[in-house]
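Dear colleague,

I am passing this structure on to you, and below it I have set out what came up when I went through the coordinates. Please read the notes with the structure open beside them.

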Amino acid sequence: MNYYIQTGTNNIIIATCSTNETLGSPWISIPQTSLATAQQAGASWDTSTLTVVVPPANYNLAIVGQQRIAYLYGLLPALIAAPVAFTTAAGVSTSFHNTSLVQQFISRSLTVWDSTDWPSNFFILDVNNNPITLTYADTTGLAKALGNAELTIQHNFITAKNTIMGYVNGGGTVADINAVTL
């Protein structure tokens, strides 16, 4: 695995990346041990020593807050698409991807059929690509489980954002802000 950063004004790190590919400019290669530090809001790249530098304690909290919120916001798509565990009425326990494709398929299916004409062979692929037969009640239950998972993640993001802004406006520290996670 290769680890990279991109820098902006004053060599402040504005993006991090881990990939199996080799990236060129504007990406700067860093060791894996520097990745956690590089992901802290306000971290910078020292061009003379070629190292990631921890943000100073007196770093502008508004900028640190904006950077941390942007970082957490960037995590949302992957968190929202994370698999959701579900057990059917027949007792089959598995997980389903929470992607827009799955959500759209469920929504269309619930629009086309209702409980009286639900196809007996209706299925959705689970995270292991196994076809899982679902009843109408199973499908509405799965739709609710996927929606609740996404709603929880959105609420967690809003809570994290409010916590960060509380630190920015209430005299928190860079460490306080960088400790906020989803």
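Two rings of Phe, Tyr or Trp, the six-membered ring being used for Trp, are taken as a pair if their centres lie within 6.5 Å, and planes over 60 degrees apart make such a pair edge-to-face. Please keep in mind throughout that this is a predicted model.

With that rule, the count of aromatic pairs comes to seven. One of them joins tryptophan 113 and tryptophan 118, whose ring centres are 5.8 Å apart and whose planes meet at 80 degrees, so that the pair is classed as edge-to-face. Tryptophan 113 also pairs with phenylalanine 122, again edge-to-face, with 6.2 Å from centre to centre and 75 degrees between the planes. The residues in these two pairs differ in their exposure: tryptophan 113 is partly exposed at a relative accessible area of 29%, whereas tryptophan 118 counts as buried at 12%, and phenylalanine 122 is likewise buried, at 5% relative accessibility. These three residues belong to one aromatic cluster, which is made up of Phe105, Trp113, Trp118, Phe122 and Tyr136.

Turning to the chain as a whole, the protein has five helices and nine strands, and from the N terminus on these elements follow the order β-β-β-α-β-β-α-β-β-α-β-β-α-α. The radius of gyration of the protein chain is 22 Å, where a compact globule of 182 residues would have a value near 16 Å, and the C-alpha atoms fill a box of roughly 70 × 40 × 25 Å along the principal axes. Of the 182 residues in the protein chain, 32% are buried, and of the contacts between residues at least 6 apart in sequence, 48% join residues that are at least 24 apart.

As for the surface, the accessible area of the protein chain is about 10,400 Å², with 55% of that area belonging to carbon and sulfur atoms. The charged side chains number 4 positive and 8 negative, and the centres of these two sets are 8 Å apart.

Some details of the backbone may also be of use to you. The peptide bond that leads from serine 25 to proline 26 is cis, with an omega near 15 degrees, and proline 26 has its place in the loop between strand 2 (13–19) and strand 3 (28–30). Leucine 50, a residue other than glycine, has a positive phi, near 55 degrees, and it lies in the loop that runs between strand 4 (44–46) and strand 5 (51–53). Is leucine 50 buried or exposed? With a relative accessibility of 55%, leucine 50 counts as exposed, because the cut-off for that class is over 50%. Asparagine 129 likewise has a positive phi, near 65 degrees, and is found in the loop between strand 8 (123–125) and strand 9 (131–133); its relative accessible area is 57%, so asparagine 129 is exposed.

With kind regards

Note on methods
Residues numbered from 1 in each chain as written. Heavy atoms only, no water. Helix = DSSP H or I, 4+ residues; strand = E, 2+ residues; numbered from the N terminus. Rg over C-alpha atoms; globule rule 2.2 N^0.38 Å. Buried < 20%, exposed > 50% of the residue type's maximum accessible area, 1.4 Å probe, protein only. Contact = heavy atoms within 4.5 Å. Areas by Shrake-Rupley, 256 points an atom, 1.4 Å probe, with all protein chains shown as cover. Lys, Arg positive; Asp, Glu negative; His and termini not counted. Charge placed at Lys NZ, Arg CZ, Asp CG, Glu CD. Phe/Tyr/Trp six-rings, centres within 6.5 Å; stacked < 30°, edge-to-face > 60°.
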